[in-house]
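Good morning, and thank you for coming. I would ask you to look at the sequence and the structure first, and then to follow me through the pockets, the rings and the charges.

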Amino acid sequence: MNDRAGRRRARRLAIGTAVVLALAGMNGPWLYRFGTAKYHQYQINKPEYKAANGKWEIVRFPKEYRQNTIHAALLRTGKVLLVAGSGNNQDNFDAKRFDTRIWDPVKGTIKKVPTPSDLFCTGHTQLANGNLLIAGGTKRYEKLKGDVTKAGGLMIVHNENPDKPITLPAGTTFTGKEGGKTFVSKDPVVVERATKVFDKKTGKFLRNDPGLGRIYVEAQKSGRKYETGTQDNYRIRGLTGADARNTYGIAQKLALDKKDFQGIRDAFEFDPVAEKYIKVDPMKEARWYPTLTTLSDGKILSVSGLDDIGQLVPGKNEVFDPKTKKWTYTPKIWQFPTYPALFLMQNGKIFYSGSNAGYGPDNVGRDPGIWDVASNRFTKIPGLSDAKEMETSGTVLLPPAQDEKFMVIGGGGVGESAQSSNRTRIVDLKADSPRFVDGPTLEKGTRYPQASILPDDSVLVSGGSEDYRGRGNSNILQARLYHPDTNTFESVADPLVGRNYHSGSLLLPDGRVMFFGSDSLYGDAANTKPGVFEQRIEIYTPPYLYRDSRPALSGGPQTIARGASGTFTSPQASVIKKVRLIRPSASTHVTDVDQRSIEMKFTVSGDQVKVTMPQNKNLVQSGWYMLFVDDDQGTPSKAQWVRVP
């Protein structure tokens, strides 16, 4: 900048400041606030401010295209899949209004997509073929204690016949032997045959262990007099002969207590080219709030969730084979709370950070550690600070992924707790004895923090709230860039929109970051007005996109096998300092186990950049990735899409 331009800029700044002060002096608080807001806008739009702090902008869709976005995934087409399902709206659920949108952030277009089931609180992950696997969702909304009119709960159906299973249709009637009260099943249930048990030494028959089925039942009429106070055995109406002798129900107290959400078994692949859902075989278990994670063999692990009677799935995990489109149970069980943060490690095992979105007992599956799915061995990792405040914390695999260091961010107490943590915790899984150590602290205790990996190896940490679902206007309008090389946070521009529960973020191919959702419980500091779902999309443009220029990248192969190389063209090849391969995000409920940034080795010759794919299949899972190059100023190119077969 020349001296004359610098003097002009300084004069404009002085005039702007003088105007604000004059307005404040002559017109009092209102004009002072108005003038300050104007001045703030002037300041944050100055080129030098944006170059240091970045900029936030709100995207407003036309009214007919707005929805309560709960889930978002970046598709290999560069478009963004925005999934609401019923959008945490009971009226939508009752009317079967289930929504999905596809947004093109380059063209600015948005379209509606027919949504086959209520994919509210589903699980999802990227597949090797570029499709998105989506499994689970909502079968029934919760009812709070005062809203429950019919007594109900869990009925365990026993089948003592070792020769055949039995199927009971929806509407089956159960009558208590002791209390005489009658309940009706809401869904069909298949109860497997009993298992014959023999003495291992003598071979002598010992007993039949009954097959078990779980079903939700409800009283036929409303009222407290239909509640039961204790366990009872139940006769099943309509059964005769051997079926009547061998089949019965057992239930604990069936009452007017709160009824939790219930999950579904439905599963789909979303095709980003055809832009439609494709139904695949349903899961073995119904799941609401599940996590889907890719395993070493390319199959998808489905873990946790609330089942079809609203209880935490009892450790019955299962895997999806993308080739056969079928689900099978894992040989052994291991239980986690809902939406657990599970990441594939370079040795093929699964790292569980302890982060979760929030259903389940406080003493089940809360310890972080390394899980060998095949052997079911779980090795705890010590050193976690604020270990009782891991619910609604975020977890991110720090770049580059080869280092295998994870950061756990913020969190809060179990359930609707007002407790929140300002801690970050870092663990190096390549250490001889991995142990969590504290990283830099956040300014405030933070539930629901969003963390997005950027192509310059920084991590954008933004949003969240100090209290459960933003109670008391506790949203945190702050953003930080975390730098793994220095283990420090850097303050950047503040977001314009608060984000707490049901929010998320993802990196776009042009290097910007998209934020969606937020579902405040209340709309005021006194917690008296109901909250309104945040439908606006917000885009953060990082500082690196306000520099004078950015490197270009073109050409090159669309497919690069592990261990192979590919050559791309860049006029700025001589100043390229980094190449990063970033897996596209699938984000929901502070959970994004897909995103990772992989360091690529490269050589430069003239305007040619030759990149080499790492060989480890657990580091570089099959699928589509964004390939970025960074120049000597840390400015990334726009991404090229690359497929790893």
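**Pockets, rings and charges**

Let me begin with the lining of the largest pocket: by class, it has 11 nonpolar, four polar and 11 charged residues. Please keep in mind throughout that what we are viewing is a predicted model.

How much space lies in the largest pocket? The value comes to about 870 Å³. A total of 26 residues line this pocket, and V189, R214, R265, K284 and D308 are the closest to its centre. Two strands deserve a mention here: β13, residues 189-191, and β16, residues 211-219, each supply at least two residues of the lining. Which of the elements gives the most to that lining? The answer is β16, with five residues.

I turn to the second largest pocket, where about 740 Å³ of space lies. Its lining is made up of 32 residues, and the closest to the centre are E142, F261, Y359, Y468 and R469. Sorted by class, the lining of the second largest pocket has 14 nonpolar, eight polar and 10 charged residues. I would ask you to remember F261, Y359 and R469, as these names will return.

The next topic is the aromatic rings. The structure holds 26 aromatic pairs. One of them is formed by F268 and Y277, an edge-to-face pair with 6.0 Å from centre to centre and 70° between the planes. Are these two residues buried or exposed? F268 has a relative accessible area of 3% and is therefore buried. Y277, at 11%, is buried as well.

A second pair shows another arrangement. The ring centres of W288 and Y289 are 4.2 Å apart and the planes meet at 20°, so this pair counts as stacked. The cut-off behind that word is an angle under 30 degrees between the planes. Both W288 and Y289 are buried.

W288 and Y289 also belong to one aromatic cluster, together with F93, F120, Y141, F261, Y339 and Y359. Here two of our earlier names return: F261 and Y359 are among the residues closest to the centre of the second largest pocket, and both are members of this cluster.

Rings are also met by charges in this model. The charged end of R140 sits over the ring of Y216, 4.6 Å from its centre. In a second case, K112 lies over the face of Y65, at 5.8 Å from the ring centre.

From there I move to salt bridges, of which the count comes to 30. I shall present three pairs and one network.

The first pair is K46 and E48, whose side chains meet with 3.8 Å from N to O. K46 is buried, since its relative accessible area is 13%. E48 is partly exposed, at 36%.

The second pair is E227 and R224, with the closest N and O atoms 3.0 Å apart. With a relative accessible area of 16%, E227 is buried. R224 counts as exposed because its relative accessibility is 56%, the threshold for that class being over 50%.

The third pair brings back R469, one of the residues closest to the centre of the second largest pocket. The side chains of R469 and D519 meet in a salt bridge of 3.4 Å, N to O. Where in the chain do D519 and R469 lie? D519 is in the loop between β39 (513-517) and β40 (537-541), and R469 is in the loop between β35 (459-462) and β36 (479-483). The two residues are 50 residues apart, and the pair links distant parts of the chain. D519, at 7% relative accessibility, counts as buried, and R469, at 12%, counts as buried too.

As for the network, K79, K111 and E275 are linked in it by salt bridges.

I close with one residue in a strand. V427 is found in β32, which covers residues 424-428. Its relative accessibility is 0%, so V427 counts as buried. Along the chain, V427 and D438 are 11 residues apart, and their C-alpha atoms are separated by 8.8 Å.

Thank you for your attention; I am glad to take questions.

How values were computed: Residues are numbered from 1 along each chain as its sequence is written. This is a predicted model: local features need pLDDT of at least 70, side-chain atom pairs count only at pLDDT 80 or more; totals for chains, interfaces and linings use all residues. Side-chain values use heavy atoms; hydrogens and water are left out. On a 1 Å grid over the protein atoms alone, a cavity is a set of points where a 1.4 Å probe fits but cannot get out, and a pocket is an open set with protein on both sides within 12 Å along at least five of seven lines; lining residues have an atom within 4 Å of a point. Grid points are joined across faces, edges and corners, and a volume is the space filled by probe spheres set on the points. Helices (H or I, at least four residues) and strands (E, at least two) are DSSP runs, numbered from the N terminus. Ala, Val, Leu, Ile, Met, Phe, Trp, Tyr, Cys and Pro count as nonpolar, Asp, Glu, Lys and Arg as charged, and the others, Gly among them, as polar. Rings of Phe, Tyr and Trp (its six-membered ring) pair if their centres lie within 6.5 Å; planes under 30 degrees apart count as stacked, over 60 as edge-to-face and the rest as tilted. Buried means under 20% relative accessible area, exposed over 50%, partly exposed in between (1.4 Å probe, protein chains only). A charge sits over a ring if NZ of Lys or CZ of Arg is within 6 Å of the ring centre and within 35 degrees of the ring normal. A salt bridge is a side-chain nitrogen of Lys or Arg within 4 Å of a carboxyl oxygen of Asp or Glu.
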